[in-house]
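Colleague: Could you give me a close look at one part of this model, namely its interior? I'd like to hear what is buried and what lines any enclosed space.

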Amino acid sequence: MAAAKKTTSKSKKTPTKKKVTAKKKVPVKKTAPKKAVTAKKKTPIKKKVVAPKKVAVKKPAAKKPVVKKSLPTPTGQDSFTLIDNSNGKSYTYPVLHGTQGPRAVDVRKFYGDTDAFLYDPSFTSTASCDSKITFIDGDKGVLQHRGYPINELAEKASFLEVSFLLLYGELPNKSELEQFEHEVTMHTLVHERLKEFYQGFPRNAHPMAIMCGTVGALSAFYHDSVDFHDPYQRELTAIRLMAKMPTIAAMSYKYAIGQPFIYPDNTLDYSSNFLKMMFAVPCEEYKVDPVVAKAMDKIFILHADHEQNASTSTVRLAGSSNANPFACISAGIASLWGPSHGGANEAVIHMLEEIGDKKNISAFIKKVKNRETRLMGFGHRVYKNYDPRAAVMQKACKDVLKSLKIKDPHLEIAMELERIALSDDFFVEKKLYPNVDFYSGIILRAIGFPTSMFTVLFALARTVGWISQWKEMDEDPAKRIGRPRQLYVGEKQRKVTPIKKRSRDVIHRQILTDRR
């Protein structure tokens, strides 16, 4: 027995370690580690699986009941009944009530019920969505953002405060504003390679053309934030667009005039920083005029959002297909570029230049009445009263001209033109009142912006409105791809004849000259 014991001890010298370790490991696995391992496995699984579900599902779940509440039953006074006179059938549709403004008849089932479309070109009587962001009452001259009148916001809040309001629904407190300002400031720089993108444009390219291309290209540089289903990436994209738009706009201008790009200055506020990037040069110090900076901030506020206009609807329609937000904003810029939308203030400047002097106003008014020319800056598709933004813009215009010691004859012509138009029955009956574009052109030119930059500034200010509208649409659980219908008035089905047998006259079309 003793001999046997000796042999085992000898043979266990090396294996002992193996067996001992094995023995130590086995009990560890069975007792302590089992508890520790299960504990470790359970918590990460909860964090990784359950937490994202909460983040992703929370917002839509909260909004679903709101959508359902807005759909009353189609009975009694809360409904519209439509009778088809061709067959005597009647169809009843519920009425939706907003917090302010006209009611809306919910006709989403109309086509399915009647096999007919509703014909409404330009959407003059159609509500394409519900929104909590901006309310306009054109007859009363009311414009509100989240319930706050535009004139109060322009007087008592900064552009970033209004931006916060549009994005999140409430005005920020002091700490929220500081955090928001910090986030925007930290994202004003653009990717260094983006500067090379500008080299592909000719020097005489319109700044809006450059803006369209550059903003669309942002998705290639910031592809880490194009998954808009992720709330964090959606937030990051919103801040990036707001922060980088002044830098991109200023770079578009600098490139066109052949000056070097000026980097953002993190010590300045949003509007002052933009002015410095626009007008500073590396060889001398640039001081921002506080009066001009304040006026610039007001201009941004007055153009921040304007409900479901052409460019905003474009952004929403593009976003409904789940396109990335940079592409959606680029589409909005393209829509805004049209002279019927964003180019109106430039047209006002041309009109004032055409008038030339106060003594020529009477002759010009006569031409307008005879439909020989148009009165630019008066009247609005929505407002049938004084545009509430125009009064704020007029005051800011006077302040800037006074601060810069500029005596602009165009301001005197504009004020006299406004006085005559507001007292003339011809214009009063047609409800032609001054709009925001009437004075904005004068103030922008006084600051030093060329007319080609007017629409760029409009796009810069409107970006926060576009992204707020896009964000609201994307977070709506009832979101569907936009698909307008049409009334087809073309040819009925016909057969294709071989080209030799087509005997009709050639269609008259513009023949292009061979230019290469």
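Modeller: Let's fix one word before anything else: buried means under 20% relative accessible area, exposed means over 50%, and partly exposed is what falls in between, using a 1.4 Å probe and protein chains only. This is a predicted model, so local features are taken at pLDDT of at least 70 and side-chain atom pairs at pLDDT 80 or more, while totals for chains, interfaces and linings use all residues. Numbering runs from 1 along each chain as its sequence is written, and side-chain values use heavy atoms, with hydrogens and water left out.

First, the overall frame. The chain has 516 residues, of which 39% count as buried. Its secondary structure comes to 21 helices and 6 strands; these are DSSP runs numbered from the N terminus, H or I of at least four residues for a helix and E of at least two for a strand. A contact here means heavy atoms within 4.5 Å. Among contacts with a separation of 6 or more, 69% are between residues 24 or more positions apart.

Now for strand 4, residues 134-137. T134 and I136 point one way, F135 and D137 point the other way, and all of them are buried. That is the pattern you'd expect, because side chains in a regular strand alternate between the two faces of the sheet. Strand 4 runs antiparallel to strand 5 (residues 142-145), joined by 4 bridges; two strands pair if DSSP finds at least two bridges between them. I136 sits opposite L143 of strand 5. The hairpin leaves 4 residues between its strands, and G141 has a positive phi near 70 degrees there.

Just before strand 4 comes a contrast with those buried side chains. In the loop between helix 4 (110-114) and strand 4 you'll find S122, a residue other than glycine with a positive phi near 65 degrees. It is worth a glance, because most residues other than glycine have a negative phi. S122 counts as exposed because its relative accessible area is 56%.

Back to the covered parts, with helix 11 (residues 270-279). Of its 10 residues, 8 are buried: Y270, S271, S272, N273, F274, L275, M277 and M278. They pack against helix 6, helix 7 (174-185), helix 10, helix 12 (290-302), helix 20 and helix 21. At the start of helix 11, a side-chain oxygen of D269 comes to within 3.2 Å of the backbone nitrogen of S271.

One of those packing partners, helix 6 (residues 159-168), holds S163. S163 counts as buried because its relative accessibility is 0%. Beyond its neighbours within four places in sequence, S163 touches F180, M242 and V464. S163 also lies 8.3 Å from I301, C-alpha to C-alpha, although 138 residues separate the two in sequence.

Then the enclosed spaces. A cavity is a set of points on a 1 Å grid over the protein atoms alone where a 1.4 Å probe fits but cannot get out, and lining residues have an atom within 4 Å of a point. Points are joined across faces, edges and corners, and the volume is the space filled by probe spheres set on them. There are 2 cavities of 30 Å³ or more.

The largest holds about 70 Å³. Its lining is made of L189, V190, E192, K195, T247, M251, F261, I262, Y263 and P264. Helix 8 (192-198) and helix 10 (231-257) each supply at least two of these residues. By class, the lining of the largest cavity has 7 nonpolar, 1 polar and 2 charged residues. In this scheme Ala, Val, Leu, Ile, Met, Phe, Trp, Tyr, Cys and Pro are nonpolar, Asp, Glu, Lys and Arg are charged, and the others, Gly among them, are polar.

The second largest cavity holds about 60 Å³, and around it are I299, H303, N345, S440, L444, F454, L457 and F458. Two elements give two or more residues to this lining, helix 20 (437-447) and helix 21 (454-474). Helix 21 gives the most, with 3 residues. The second lining has 5 nonpolar, 3 polar and no charged residues. Helix 20 and helix 21 are also among the helices that the buried residues of helix 11 pack against.

Conventions:
On a 1 Å grid over the protein atoms alone, a cavity is a set of points where a 1.4 Å probe fits but cannot get out, and a pocket is an open set with protein on both sides within 12 Å along at least five of seven lines; lining residues have an atom within 4 Å of a point. A polar contact is a pair of N or O atoms within 3.5 Å; within protein, one must be able to donate a hydrogen and the other to accept it, and residues adjacent in sequence count only if both atoms are side-chain atoms.
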